[in-house]
Amino acid sequence: MLFLHPCTMRRGSQLTPEVTVIGVKIKSAKKVMTGPEAWEKHWSKTFGVMPLPDMYCGGRGTHVAEFMKMATVPSTALARDRRVATLSAEGRLYLLQRAFYHFSRAVIPLGDLRVSMRPVEREIELQTDWVESCCDQQGSLTDEVIAEAELAFDTFLTADNRRDNLQDGESEFAVARAVKKEIEMRYGGQS
C-alpha cells in the first residue's frame with residue numbers, strides 16, 4: 001500500500017524514483033470485518049494497522065496494512081493495472097490518524113486532519129475529473145493517456161499559482177472553476 005502524502009511522492013506529475021509502502025496481509029480470508037461492532041472489537045485500540053475490510057469489493061475478507069512493515073520500493077515497480085483499490089477521502093483521514101497515533105501516540109482529531117487535507121482532497125478531485133475527461137475523450141485508459149493527462153493537469157495547476165491558491169478557501173473555488181472550464185475546453189466536458 002502506498003504510504004506518502006501526494007506532494008511527497010511526486011515531482012510534478014511523476015512519482016519520485018522511490019516511494020514508501022506498507023505491507024498488506026490477510027487478517028480474515030472470509031469475514032468482512034466492518035461496521036460499528038467490528039470497529040469496537042477489532043480496530044478501536046489496534047493502531048499498528050490500517051484495516052482494509054472488503055478490499056476486493058466482493059465480500060472476500062479483510063486485509064490490514066501493517067505500519068511495522070514499511071519499506072521503500074522503486075516507483076517503477078508500481079503498475080497502474082495492478083492497483084487493487086484506492087482509499088476514499090475518509091479512509092485517507094483514518095490512515096493518517098492511525099499512522100500518527102502509531103508513530104507518536106498522539107491522537108489527532110479527524111476534524112483537524114480534514115481541515116488540513118482539504119486542499120489535497122480538492123486537488124485529487126480536480127485531477128480525477130481532468131483525467132477521466134481526457135480518457136473519455138480518447139476512449140482509452142492506457143498508462144500513456146493517463147500520464148499525458150496527469151502531466152497536462154499538473155502543468156495547468158502549477159501555472160498562475162493555482163496549486164498554491166487551493167490552500168486559500170476564497171481562491172479555491174476560483175481554481176476549481178478554472179479547472180472545470182479548461183476541462184470543458186480541452187475535452188468537451190467532465191465525466
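At 52% relative accessibility, Arg105 counts as exposed, and that is a good place to start a short tour of this predicted model. Arg105 sits in the loop that links α2 to α3 (110-138). Its backbone deserves a look too: phi of Arg105 is near 65°, a positive value in a residue other than glycine. For context, most residues other than glycine have a negative phi.

Cys57 is another case of this kind. Here phi is near 55°, again positive in a residue that is not glycine. You will find Cys57 in the loop between β4 and β5, and with a relative accessible area of 68% Cys57 is exposed.

**Helix α1 and its two sides**

Let us turn to helix α1, which spans residues 36-43 and has Ala38, His42 and Trp43 as its buried residues. Why do these three share a side of α1? They cover an arc of only 70° around the axis, so they lie on the same side of the helix. The other side of α1 carries the exposed residues Pro36, Glu37, Glu40 and Lys41. And what covers the buried residues of α1? The cover includes three strands, β3 (18-28), β4 (49-53) and β5 (62-74), together with helix α2 (89-104).

Strand β5 is also home to Glu66. Is Glu66 buried or exposed? Its relative accessible area is 18%, and because buried means under 20%, Glu66 counts as buried. Once neighbours within four places in sequence are set aside, Glu66 is in contact with Ile22, Gly23, Lys25, Gly48 and Val49.

**Where α4 meets α6**

Next comes a helix pair. Helix α4 (residues 143-158) and helix α6 (residues 169-187) have axes that come within 11 Å and cross at roughly 140°. That angle makes α4 oblique to α6; the label roughly antiparallel is kept for angles over 145 degrees. As for handedness, the crossing of α4 and α6 is right-handed.

Which residues make the contact? From α4 come Ala152, Phe153, Phe156 and Leu157, while α6 supplies Val175, Ala178, Val179, Glu182, Arg186 and Tyr187. By type, the residues of this contact divide into 8 nonpolar, no polar and 2 charged.

**Two aspartates and their distances**

Helix α4 also contains Asp143, which is partly exposed, with a relative accessible area of 40%. Asp143 and Pro6 are 137 residues apart in sequence, and their C-alpha atoms are 19 Å apart in space.

Asp136 belongs to helix α3 and counts as exposed, at 52% relative accessibility. Its C-alpha atom is separated by 36 Å from that of Lys30, and this pair is 106 residues apart along the chain.

**Accessibility at a glance**

The table gathers the residues discussed above with their relative accessible areas.

| Residue | Relative accessible area | Class |
|---|---|---|
| Cys57 | 68% | exposed |
| Arg105 | 52% | exposed |
| Asp136 | 52% | exposed |
| Asp143 | 40% | partly exposed |
| Glu66 | 18% | buried |

Key
Residues numbered from 1 in each chain as written. Predicted model: local features only at pLDDT ≥ 70, side-chain atom pairs only at ≥ 80, totals over all residues. Heavy atoms only, no water. Buried < 20%, exposed > 50% of the residue type's maximum accessible area, 1.4 Å probe, protein only. Helix = DSSP H or I, 4+ residues; strand = E, 2+ residues; numbered from the N terminus. Arc of directions from axis to C-beta. Contact = heavy atoms within 4.5 Å. Axes fitted to C-alpha atoms, helices over the stretch in contact; angles between N-to-C directions. Parallel < 35°, antiparallel > 145°, perpendicular 65-115°, else oblique. Left-handed = near helix turned anticlockwise from the far one by under 90°. Nonpolar A, V, L, I, M, F, W, Y, C, P; charged D, E, K, R; others polar.
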